[in-house]
Amino acid sequence: MKKIKLVETLLVVTILLGFTGCKKLFDIKPEDQLDISNAYQNVFDADAAVVGIYGKFMDLSEQYIVLNELRGDLLDVTVNSNDHLRQINTHTVTPDNPYANPRPFYELIINCNDVIENFQVMVKEKRMNEDQFNQRFSDIVALRSFLYLQLGIHFGEVPYVTSSLKNVDEVKNAANFPRLSFDVLLDSLIRVTEAIPFKELYPNGTNLNITVDGYPTQKFYINKKVLLGDLYLWKGNYVKAADYYRQIMEFATTAFSFGEDYLSFYRLGWAGNHDHYVSYSRAGDATTLNFNTGWRTMFENNFNTDGFRREWVWSLPFDNKFKPENSFIKLFSPIGGQYLLQPSKEVFDLWDGETQRPAQGGSIPYDARKLLSTMTIGGQPVVAKHIYNYIRWNTGTPLNPLLKNGKWFLFRQTHLHMRFAEAANRTGRHRLAWGLWNNGIAGAFPAPGSDVTNFHNTLNEPYPFNFDARNSGNTGVPFFRADWNRNIGIRLRANLVNVAIPAADSLNSIEDGLIKETALENAFEGTRWADLLRISLRRNDPSFIADRVYNKLIKSGISSGAASAARVKLMSRDYYLPFKW
């Protein structure tokens, strides 16, 4: 009899504990397997299958961060790193490298396929209704598409399997599952993901959108519209990409009544006491940088806080009480972990090359996100974003050495705005892209006087590029408080001076700036290799990625020969890992 491999996770346990009247669907047998004859009987079984899939997805967190960050220019190895990590770092990966093994992705994909097929049987046999099917089926299909997008990014040509298999090793049979090029794979993913019947969040009141043990589960699940935006961005359909991103940027329009949430949620807008500004207790005094409030706290705050829910679109929790263990403690922490990875000298140079906005006492000559994204512990530079729930920011010591809680950060509103800006820039809306990146929409279209009727907006543009950020102030006539009036831009929130609007070659100059800003803002969060690769492929310019990797390696103290070899390899457009089991 066919069996599906599942793991006990925080999600499985907490959600099942929260269900009333739920059978012991996932009572794990000693061999940690679920006999399918006892599953898929009702919607509670379907819910257990969904959370089981996400539990297994969390096992990919370490591989995801290593591949997406260490292959790029912002993360580096330490003296503790093993040969496998050093291979990833220098682009000298051998086929036996476990971080370059596609098998874990395909194990989960095959599980997804099995769940999808059983959901189809369930709705046909009326064991769940059509609405329940649409929601759960669409979620698993979207997560599978995300997994395939990751495989395409890192391996280039991959088998595309949409059926359940008795053994995952069947994927290796090239006769049955020929490999698709990345570009052809994108076509398949767009077609399949566009066809899903439900693209919204799980509705309030459903078993998969609840709060259990302080964890609101809505953020656990992939955002299907963001995924579609990403797929179209990779494919070069910039209007469709912007359309899907805009729908999430406008989430508040339908989710909330007019008020603070409506005006700021996913709009990168100021918001009372839960904004994420880089700020100081005394203007211009670098020693008074606020750590307890503002930008840093988005990585430490609990799921149910206003600041967290406004910033994060997709995030999953690690909880000490449940599997899997927090892999990021091992990777990044010198206390209680193995300290295998550290910030690169290159990312510190990027932060140090910035200037903060003038204040009383003068400008501060670096980007304070450096101090909020990293720590120094025992004289060693440490990636802090992933371990703020384990290490105290002010002492560098564990909150509790035995409680290795944390979060896997997958997507937040700055990704949303920067990728929308990337798409807008490619359609010729350079100033709009510049505004979202710098000091906001109104800042990009300033008014010469108090009448803002024809300023602070792009209403002359078609959707999805038509924004209204008009704000006339308290004395302006006519009076305006438009939906986007609180939008402040990435760099203004980070307290950085605007980048000058380029006079020539705006498209490439702004695109270069956007990709640099994602390094400053989103370092170590799992998107860097994809950002570099996307631009290199789009421009047919391997130097965009090769030069940045070379610079990182040279600054790390590695031999010039090894750094040059990595650059030569990437300049030959050899971007992908060997596809070996």
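1. Arginine 309 and aspartate 306 sit in one helix, α12, with their positions 3 residues apart in sequence, about one turn of the helix. In this predicted model, their side chains form a salt bridge with an N to O distance of 2.7 Å. Both partners are partly exposed, arginine 309 having a relative accessible area of 22% and aspartate 306 one of 32%.

2. Helix α12 (residues 306-311) also contributes arginine 310, which is paired with aspartate 261 of helix α11 (residues 260-264), so that distant parts of the chain, 49 residues apart, are linked. The salt bridge between these two side chains has an N to O distance of 2.6 Å, and arginine 310 and aspartate 261 are both buried.

3. A further salt bridge joins glutamate 200 to lysine 225, where the closest N and O atoms are 3.0 Å apart. Because glutamate 200 belongs to the loop between α7 (182-194) and β6 (211-212), while lysine 225 belongs to helix α8 (residues 224-235), the pair ties together parts that are 25 residues apart in sequence. Glutamate 200 is partly exposed at 43% relative accessible area, whereas lysine 225, at 10% relative accessibility, counts as buried, since the cut-off for that class is under 20%.

4. Beyond these individual pairs, a network of salt bridges links a set of residues that includes Glu311, Glu354, Asp367, Arg369, Lys385 and Arg412. Also among the members of this network are Arg491, Arg493, Lys516, Glu517, Glu521 and Glu525.

5. For the model as a whole, the count comes to 47 salt bridges, on the criterion that a side-chain nitrogen of Lys or Arg lies within 4 Å of a carboxyl oxygen of Asp or Glu.

Terms used: Residues numbered from 1 in each chain as written. Predicted model: local features only at pLDDT ≥ 70, side-chain atom pairs only at ≥ 80, totals over all residues. Heavy atoms only, no water. Helix = DSSP H or I, 4+ residues; strand = E, 2+ residues; numbered from the N terminus. Buried < 20%, exposed > 50% of the residue type's maximum accessible area, 1.4 Å probe, protein only.
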